[in-house]
Amino acid sequence: MAGADAEAAAAAPSAPKLPGSAAETARRRLRSMMLAEGEATSVNPFVGSATYSKLRETALTGNAAFFQTALADALDIDFSTARSLTEHSSYVSLLAALRALDLSEDRAFLIVVAVYPREFPHPQAIRIFLDRYRLLHHEAALDKVRGWKAETLSRAVRGNTPVAANGDQAPDVDKASLGASLKAS
């Protein structure tokens, strides 16, 4: 008889819901999903909380050079490559970099939205980011980082690396003529 009472109670219409209870229910469901996903994901031992904290804090300063330096350190790439990842009009390259670091979705999102705030004017943009991040395989992101490192190494071997960060290079001057002009003066 107790089972029949439980079934009747479940079939009966529930009491009217209080305003905001649907929103609170949605929040609880989202929290439970995030906890379930967070427990199931693997953690990259190379990316500790110190690396994430450094990336997060430098991204939130609004100073691009600070963030680019932290990103270069985290990925073990040169500064010019890190700068090129964040100077695009799209965050796709940064997405691959953060995926290679094996950051969780929420951590990656916080960093990307700090670097590209105009890319997320509405909830649909956030959904697109999350979909892209979920679909980007960790190994594919690591391959991109390896490609960036190989490109840097290739430029260094060919001697095509810029002398200064701003691209200024000393003009080619014959050392003998330079010495002669110094003696003449």
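Seven is the count to start from: this predicted model holds 7 aromatic pairs. One of them joins Tyr91 and Phe129. Their ring centres lie 5.7 Å apart, and the planes meet at 55 degrees. The pair counts as tilted because its angle falls between the limits of 30 degrees for stacked and 60 for edge-to-face.

The Tyr91–Phe129 pair links distant parts of the chain. Tyr91 sits in the loop between helix H5 (79-86) and helix H6 (92-100). Phe129 belongs to helix H8 (residues 123-135). The two residues are 38 positions apart. Are these partners buried or exposed? Tyr91 is buried, at 3% relative accessibility. Phe129 is buried as well, with a relative accessible area of 0%.

Ring pairs also build a cluster. Its members are Tyr91, Phe109, Tyr116, Phe120, Phe129 and Tyr133.

**Charges over rings**

Which arginine sits over the ring of Tyr133? It is Arg99, whose charged end is 4.8 Å from the ring centre. Tyr133 is also one of the residues in the ring cluster. A further case involves Arg107 and Tyr52. Here the charged end of Arg107 sits over the ring, 4.2 Å from its centre.

**The nonpolar core**

The largest nonpolar core has 33 residues. Leu71, Leu98 and Phe129 touch the most other members. Phe129 thus appears both in this core and in the ring cluster.

Which helices supply at least two residues each to the core? They are helix H3 (49-61), helix H4 (64-75), H5, H6, helix H7 (105-115), H8 and helix H9 (138-158). H6 gives the most, with 6 residues.

Leu98 shows how the core is knit through contacts. Beyond its neighbours within four places in sequence, Leu98 is in contact with Leu55, Leu103, Ala108, Ile111, Val112 and Tyr133. Tyr133 is the residue whose ring lies under the charged end of Arg99.

**Overall fold and confidence**

The protein has 10 helices and 0 strands. Along the sequence the pattern reads α-α-α-α-α-α-α-α-α-α. Of its 185 residues, 24% are buried. Among contacts with a separation of 6 or more, 60% join residues 24 or more positions apart. The exposed area is about 12,800 Å². Carbon and sulfur atoms supply 59% of that area.

Confidence varies along the chain. The average pLDDT is 75, and 61% of the residues score at least 70. Where does pLDDT stay under 50 while the model has 0 contacts beyond four places in sequence? Residues 2-16 fit that description. Residues 36-47 also stay under 50, but the model gives them 9 contacts beyond four places in sequence.

**C-alpha distances across the chain**

Three residue pairs bring separate stretches of sequence into view.

| Pair | Separation in sequence | C-alpha distance |
|---|---|---|
| Ala100 and Lys144 | 44 residues | 8.3 Å |
| Lys144 and Ser93 | 51 residues | 8.8 Å |
| Ala64 and Glu87 | 23 residues | 9.1 Å |

Lys144 appears with Ala100 and again with Ser93. Lys144 lies in helix H9. Its relative accessibility is 42%, so Lys144 counts as partly exposed. Ala100 lies in helix H6. With a relative accessible area of 6%, Ala100 is buried. The Ala100–Lys144 pair therefore sets a buried residue against a partly exposed one.

Ala64 is placed in helix H4. Why does Ala64 count as partly exposed? Its relative accessibility is 45%, which falls between the 20% limit for buried and the 50% limit for exposed.

**Positive phi in two loops**

Asp76 has a positive phi of about 60 degrees, although it is not a glycine. Asp76 lies in the loop between H4 and H5. It is exposed, with a relative accessible area of 59%.

Asp102 also has a positive phi, near 60 degrees, and is likewise a residue other than glycine. Where is Asp102 placed? Its position is in the loop between H6 and H7.

Methods: Residues numbered from 1 in each chain as written. Predicted model: local features only at pLDDT ≥ 70, side-chain atom pairs only at ≥ 80, totals over all residues. Heavy atoms only, no water. Phe/Tyr/Trp six-rings, centres within 6.5 Å; stacked < 30°, edge-to-face > 60°. Helix = DSSP H or I, 4+ residues; strand = E, 2+ residues; numbered from the N terminus. Buried < 20%, exposed > 50% of the residue type's maximum accessible area, 1.4 Å probe, protein only. Lys NZ or Arg CZ within 6 Å of the ring centre and 35° of its normal. Core = buried A, V, L, I, M, F, W, Y, C linked by side-chain atoms within 4.5 Å. Contact = heavy atoms within 4.5 Å. Areas by Shrake-Rupley, 256 points an atom, 1.4 Å probe, with all protein chains shown as cover. pLDDT = per-residue confidence, 0-100.
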